[in-house]
Structures are given as C-alpha cells and as structure tokens.
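Visitor: Please show me the model, and let me ask on what grounds each label is given.

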Amino acid sequence: MDELEETVVTPWEVRGRINYEKLIEEFGTQPFTNDLKQRLEKNIKQPLHPMIRRGIVFSHRDFDWLLDHIEKGGDFALYTGRGPSGNTHIGHLVPWQFTKWLQDTFDVELYFQLTDDEKFLIDREKSYEETTQYAYQNALDILAVGFNPEKTKFIIDSEAGPKFRRLATEISRRITFSTAKAIFGFTESTNIGLIFHPAMQAAPCFYPSVLHGRKIPVLIPAGIDQDPYWRATRDIAEKMGYYKPVALHSEFIPGLEEGGKMSASKPDTTVFTTDSAKSVVKKVKRAFTGGRATIEEQKRLGGEPEKCNVFAWYRTSFEDDDEALKKRWDDCKSGALMCGPCKQELADRVVVFLEVHQQKAEDAKDVLESCVIRI
Ligand code: TYM
C-alpha cells in the first residue's frame, strides 16, 4: 500500500492523508461546531483566535460543559505538553500558540508537562541525560511562545515532586493492563515503563486540584494524536473524585513533503526553531505545493491550494489576516499567483518569525527555573 493511503494517528506515530471528520468518528470526539464558536465568543472580550475561526481546532471533548462551568463563574487550568525527543519544530508551536491565547484570554494557570521519561523509554538510541537536556531546551521554545511566566508551571517528569508521583501511582492503580492494551496497543514486548506512562500523562489532569486542595477542571489543547490519554483519564476521573479533563483537538501542520504531519523524523521537510535562515529558505523552496506542471498550465488552470502545503502553512501559522488569506487562495485558484513568489514570501516570513523566536528563547533563560515545579 502507498505510504499516503494508510492513515495512522497514535500518540507515537502520525502518517498518511488525514481525514479529520473520520478521526472524530474513530476517536468518538465531538466536532467543534459554529454554535460552540459563538458561545465561546460570548464568553470572551477579544476576537476568536484564527485557529478557531478557520476550523483548525476541529474537535473537542466536553468543551460545552466547560463553557457552562465558566458561565456559572467556575475557573479552570490549562494543561498541555511536549515529549522532548529533539529540537522543537514549527508544528509543535501550533497548539502552543493557541494555548497562549487561551491563557491570555482567561488569565489562568498552565501546567506544561515535559515527558523526558517517555522519550527515554521509547527511543533506545537516546540516553536519559539527553532527553532531560532536550526538556530544558524545549522549555525555552515554549516560553518563547509568550506564556505568562507567573502562571506557567513546567512538570519535567524525571524531576517531578512527591505529590505528582504519588498522584501518578494512585491513577495507575485504577487502569488495568487490559484497558491500557486496548487503548494504546501495548504488546508483550512493550517495556513496563511505557505501560506506566499513561498514568504519568494523566497526572497533570488532576494535579491542579491536588495543589489547590479543591476540584479544578483542566482544559487540554493539543493535537488529536494525544487523545487516547484523555480517554483513559476520563474513564477514571470521577471515580477518583476529580473532574473529567476537557480536550480541544487541533489539526496537524504538514511537513514540506506531500501528506502526513510535520515530523522531526523527516528533517529535510521540517523547519526546526533552531534552523538558520539559509536552511529555512532551502527547505521551503523545495516544498510540495498545489502548483501545476508548467507555468503556462498554472496560468490557464490555476493552482490547487487545497492540496498545497505552502498554503497550509499560511493558513495555520503565517497569515493572521483572514482577508489576505482568502486573497491568496483566490489568486492561486485564478492562476494569478505562481508558486515561486508564494514560497519566497513564506520563507521570508518564517525567517523573520524564527529570528524573533530565537531571541525570545534566549531571553527565557532568565525565567525558566522559576517556572519548574517539583512538588
Ligand atoms: P509531542 O512532543 O509529540 O507533541 C507536542 C504537541 O505538538 C503537537 N504536534 C503537532 N501539532 C501540529 N502540527 C504538527 N505537525 C505537530 N506535531 C506534533 C502534538 O499533538 C502535541 O500537542 N506525549 C506527548 C507529551 C505530552 C503532551 C501532554 C502533549 C505530555 N502531556 C499533554 C499534549 C498534551 C508528546 O510526545 O507530544
């Protein structure tokens, strides 16, 4: 079977052409409807984030319940995370930029988990020191997104404190191997560390309640690949006296090759936050687009932005203005815009973005330690 034909979406692997409507069905989540967008808009003072307006946040679990809770004056905490297996890429920033908007909009705490243990357990080539080092390095990228350092708490798994570990153990007693196997596909040859990991990734869902000594729901903005963890956690939450975690699922930004999501395992078609300007330009110029075989054909038939990864990058991360995005789409369709200049403009925007991002990551060194929680 062609690699693009088979679609796989798990916490450890995402590949193929992704049909998001089908994923909603398969994962048993709810679509993020226009009604929900309007309800959210009524509860906030600023315009909706482009990822909401454009449907990039496409699915949820119980977000309507969270809005009820907020309307009744209830508070909540945010929770998201990163498996520090290497450098951060532009795809990781997608859910984080949206999470920052949620933090600013609702002025709430964010618990950010860095699963250096998980990455050590998965990848036999990596030492524990290496994944912990990446956790610290990735945390700078995360802070560079602009989170409020006073309200942002990093949980680095290998350094998590006794309350956190105790909570993970309490959770693990509630999840049988048979459930974990059914949800995560563990086999006889899976190492037992990984089998425990769902309890580690579930723990931040209840940690704000433990720390504050009262029930606080968490909202998890993340790619839908992480949803199996929330399914497992939701099954046990109420039995343990906590709220079920609420989830918002965002689409994946593709790499610069055809199909699939941007992934560190394909470095030539992925832009890392550490890339130099020269390397960005080289990568973007080779991108898979919705362009035709010849310029003459493209002028005559127009391009196919619906297939184009360059357009996907504008839509997800590099064009906030809805009208300018629509114009780009129309000009491509009509044959007025060619791929060369469209790629060049994207490369320029990515380069400027990274320059600013890299400086912010450098500046974040001063606050990082104050954000790490080891309770
Ligand atoms: P990780 O490091 O694989 O991914 C971190 C976050 O980035 C999202 N993501 C993407 N989003 C858009 N486009 C892409 N190309 C792309 N690639 C990755 C992921 O969906 C995720 O939201 N086990 C987790 C770490 C973790 C976590 C969490 C993640 C612990 N607790 C809570 C989310 C929420 C992991 O390895 O993520």
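Guide: Two strands pair if DSSP finds at least two bridges between them. Strands (E, at least two residues) and helices (H or I, at least four) are DSSP runs, numbered from the N terminus. This is a predicted model, in which local features need pLDDT of at least 70, side-chain atom pairs count only at pLDDT 80 or more, and totals for chains, interfaces and linings use all residues. Residues are numbered from 1 along each chain as its sequence is written, and side-chain values use heavy atoms, with hydrogens and water left out.

Visitor: What makes strand β6 and β7 a pair, and in which sense do they run?

Guide: β6 (residues 110-114) and β7 are joined by 5 bridges, in the parallel sense; at least two are required, so they pair. Phe-112 has Phe-154 in β7 as its bridge partner.

Visitor: Why is β7 called an edge strand?

Guide: The open sheet has 7 strands with mixed pairing, in the order β3-β4-β9-β8-β5-β6-β7. Both β3 (30-31) and β7 (152-156) pair on one side only, which makes them the edge strands.

Visitor: Why is His-89 called buried?

Guide: Buried means under 20% relative accessible area (1.4 Å probe, protein chains only), exposed over 50%, and partly exposed in between. His-89 has 3%, so the residue is buried. His-89 sits in the loop between β5 and α5. With contact meaning heavy atoms within 4.5 Å, and residues up to four places away in sequence not counted, His-89 touches Met-262, Ser-263, Ala-264, Thr-270, Val-271, Phe-272 and Thr-273.

Visitor: What makes Gly-83 a polar contact of the ligand?

Guide: A polar contact is a pair of N or O atoms within 3.5 Å; within protein, one must be able to donate a hydrogen and the other to accept it, and residues adjacent in sequence count only if both atoms are side-chain atoms. A polar backbone atom of Gly-83 is 2.8 Å from a ligand oxygen, so the pair meets the cut-off. A ligand nitrogen is 3.0 Å from a side-chain N or O atom of Lys-261.

Visitor: How much of the ligand is covered by the protein?

Guide: The protein buries 98% of the 690 Å² that the ligand exposes when taken alone, with areas from the Shrake-Rupley method and a 1.4 Å probe; for residues, only the protein chains shown count as cover.

Visitor: Which element gives the most to the shell around the ligand?

Guide: β5 does, with 4 residues.
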